[in-house]
Amino acid sequence: MGGEICACVICAKSGLQQTRRRAMSGRPVPLGMLAGIYFGDLAANLAAASVAPKVVISSNSVLRRALASAKFVRDLTKSDFSNMPSDFQTPAASPTLWALDPQITHLNHGAFGACPRAILDFQRDIRLRLESEPTRFLVRELEPLLDAARTELARFVGAPMENLVMVQNATVGVNAVLRSLRFEPGDEILVTDHEYNATRNVINYVAERTGARVVVASIPFPLQREDIIVEAILAAVTPKTKIVVVDHVTSQTGLIFPVARLASELATRGIDLLIDGAHAPGMLALDVQALGAAYYTGNCHKWLFAPKGAAFLYVRPDRQEFIRPAVISHGANSARKDRSRFQIEFGWVGTGDPSAWLAVPEAIRFMEKLLPGGWSEIRERNHALVLAGRDMLCRALGCEPPCPDELLGSLASLPLPPAPRRYEAPLFLDPLQDALLFEHNIEVPIIPWPSWPGRILRISAQVYNCLPQYAELAAKLPADWS
Ligand SMILES: Cc1ncc(COP(=O)(O)O)c(C=O)c1O
């Protein structure tokens with residue numbers, strides 16, 4: 001069995017394993033499949049795999065020459081790695097703790113999260129318990145179990161549990177708030193041009209039905225300063241502004257918006273704020289109540305590692321009587337007086353699977369124990385890793401970092417050259433996103449920005465990622481963008 005290796009640039013264990021698997025299965029290992037920097041263990045590993053590579057390049061000068069002439073690799077050299085903390089060379093936690101496909105370099109935690117196997121097991125046990133006696137579970141046991149889960153989640157995100165209810169996802173949270181509020185013709189709903197498409201659609205829907213007007217504050221990206229965000233939003237406020245809707249972490253551009261500043265500036269103008277925190281729980285240290293916003297919704301199934309379908313909605317007590325779930329159910333005419341109507345209505349929106357909600361505390365505990373420094377270490381490492389990955393990609397793309405480091409959490413976006421042609425596929429994926437996945441096994445989103453054919457590349461950093469994976473991505477970006 002022999003692999004055909006023309007230029008080797010490896011250090012990622014995942015890349016190495018992938019290469020090894022490919023070589024061992026008798027498939028050639030083509031130039032361009034490998035990325036990273038070879039620090040010396042390749043030969044030993046290939047030998048262990050009984051592979052006789054044609055060429056193994058080990059000296060830096062040969063490596064540089066090979067890199068310079070390689071089709072996909074441009075200016076990555078060992079110096080790209082030399083300043084990195086050594087722990088970035090491998091994941092902080094074993095990727096096998098997740099069910100993620102080991103063949104895929106997964107740089108898209110932001111899209112849908114990834115739930116650890118242990119939490120999925122925990123969820124399966126909840127489901128089995130439910131199905132062993134559905135009536136007992138759903139009628140008698142669920143509410144106290146949900147209360148306990150809400151209590152732990154509320155503690156984690158900094159809110160009294162009475163003011164926080166479970167919803168399926170941030171989209172449901174945003175719908176509940178915006179579709180509950182009353183708007184008069186001429187009222188203004190203020191949003192930014194970084195708003196997530198689904199949330200923007202809810203806003204448009206509500207505006208169309210009520211005669212309200214959608215006002216869009218434009219925020220440039222690349223962005224130099226945080227102040228620009230606040231200034232742009234406040235400049236768009238008028239006496240007719242009824243509510244401002246902003247993302248805590250913007251979806252396409254990955255920017256952390258200064259929501260506490262915005263909440264307090266808007267409060268002095270008597271305007272409510274709805275924060276779409278789809279990405280925030282787990283990525284950022286949260287103190288939701290202290291933000292002072294009227295409404296906050298956040299996902300637990302992204303950066304908090306809960307199973308899919310776990311999210312929360314926080315509503316400040318003085319606004320709770322106005323906010324109803326998007327789905328009206330038994331709670332609407334409940335005679336119960338032991339808890340608020342807000343909690344009663346959101347506590348039951350019809351028969352469903354509550355296991356994702358009930359697994360949230362387990363996800364919080366599991367991840368707290370994963371690294372010695374708990375959640376703070378996860379957040380800090382992810383932030384540092386995403387910056388390191390972003391800087392590496394900036395060098396490969398020949399661009400400057402598009403925003404200050406402190407405006408990022410664990411997502412980072414980079415402008416790309418415009419799309420060469422309109423994509424015909426029924427879904428929204430960019431041809432480059434397809435090429436990276438189908439030709440190079442890299443899952444990373446390429447998103448139209450600000451609109452097609454403009455586009456950005458967004459990377460995520462999570463504890464199962466490591467720096468060589470971003471090098472691999474940099475190496476696979478096209479050398480010729482025309
Ligand atoms: C800012 C923002 N809001 C809302 C959502 C929707 O999240 P979900 O699909 O979990 O409702 C996302 C998803 O990425 C998002 O980035």
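# A tour from the small sheet to the ligand

Begin by selecting Ile 446 and Leu 457 in this predicted model: Leu 457, in β12, is the bridge partner of Ile 446. Widen the selection to β11 and to β12 (residues 455-460), and you will have two strands that pair in the antiparallel sense over three bridges. Helix α16 (residues 374-397) can be added next, since this helix packs on the sheet, where it touches β9 and β12, and its direction makes about 10 degrees with that of β9.

Now show the sheet as a whole, which is open and consists of three strands in the order β9-β12-β11, with antiparallel pairing. β9 (411-416) and β11 stand at its edges with a single partner strand each, so one side of each is left without a neighbour in the sheet. Averaged over the sheet and with direction ignored, neighbouring strands are turned by 35 degrees against each other.

**Helix α17**

Select residues 431-440, which form helix α17, and colour Leu 432, Gln 433, Leu 436 and His 440, the residues that are buried there. These residues cover an arc of only 110 degrees around the axis, which puts them on the same side of α17. What covers them includes β10 (442-443), β11 (446-448) and α18 (467-476). If you rotate to the face of α17 turned away from its buried side, you will find the exposed residues Phe 438 and Glu 439. Just after the helix comes Asn 441, whose phi is positive, near 60 degrees.

**The seven-stranded sheet**

Leave this region and display the open sheet of seven strands, whose order is β2-β8-β7-β6-β5-β3-β4 and whose pairing is mixed. β2 and β4 (213-217) stand at the edges with a single partner strand each, so one side of each has no neighbour in the sheet. Between neighbouring strands of this sheet the average turn, direction ignored, is 20 degrees.

Start at the β2 edge, selecting residues 164-167: Leu 164 and Met 166 point one way from the strand, Val 165 and Val 167 point the other way, and all are buried. In a regular strand the side chains alternate between the two faces of the sheet. Add β8 (residues 311-315), which runs antiparallel to β2 and is joined to it by four bridges; within β8, Ala 311 is the bridge partner of Val 167. Helix α7 (residues 134-157) lies across β2, β7 and β8, and runs at about 110 degrees to β2.

Move next to strand β6 (residues 272-277), where six of the six residues are buried. On one side of β6 select Asp 272, Leu 274 and Asp 276, and on the other Leu 273, Ile 275 and Gly 277; both faces are covered. Strand β5 (residues 241-247) pairs with β6 in the parallel sense over five bridges, and the bridge partner of Asp 247 in β6 is Asp 276.

**The ligand and its surroundings**

Keep Asp 247 and Asp 276 selected, for both are among the residues that surround the ligand, together with Asn 169, Ala 170, Thr 171, Tyr 196, Ala 198, Thr 199, Ser 251, Ala 278, His 279 and Asn 299. Which classes of residue make up this shell? The shell divides into four nonpolar, six polar and two charged residues. Two helices, α8 (170-180) and α9 (197-210), each supply at least two residues of the shell.

Select α8 on its own: eight of its 11 residues are buried, so this helix is largely enclosed by the rest of the structure. Among the buried residues of α8 are Ala 170 and Thr 171, both of which also belong to the ligand's surroundings. The buried residues of α8 pack against β2, α9, β6, β7 (295-299) and β8.

For the last stop, centre the view on His 279, another residue around the ligand, placed in the loop between β6 and α12 (288-291). Is His 279 buried or exposed? With 28 other C-beta atoms within 10 Å, His 279 is buried. Leaving aside neighbours within four places in sequence, the contacts of His 279 are Gly 110, His 248, Val 249, Lys 302, Trp 303 and Leu 411. A distance label between the C-alpha atoms of His 279 and Ile 256, which are 23 residues apart along the chain, should read 9.7 Å.

Finally, zoom out to the whole chain, which has 18 helices and 12 strands, and in which 46% of the 482 residues count as buried.

Note on methods. Residues are numbered from 1 along each chain as its sequence is written. This is a predicted model: local features need pLDDT of at least 70, side-chain atom pairs count only at pLDDT 80 or more; totals for chains, interfaces and linings use all residues. A residue is near a molecule or strand if its C-beta atom, placed from the backbone, lies within 6 Å of it. Ala, Val, Leu, Ile, Met, Phe, Trp, Tyr, Cys and Pro count as nonpolar, Asp, Glu, Lys and Arg as charged, and the others, Gly among them, as polar. A residue is buried if 20 or more other C-beta atoms lie within 10 Å of its own, exposed if 12 or fewer, and partly exposed in between; C-beta atoms are placed from the backbone. The arc is that of the directions from the helix axis to the C-beta atoms. Two residues are in contact if their C-beta atoms, placed from the backbone, lie within 7 Å. Two strands pair if DSSP finds at least two bridges between them. Axes are lines fitted to C-alpha atoms, for helices over the stretch in contact, and angles run from 0 to 180 degrees between N-to-C directions.
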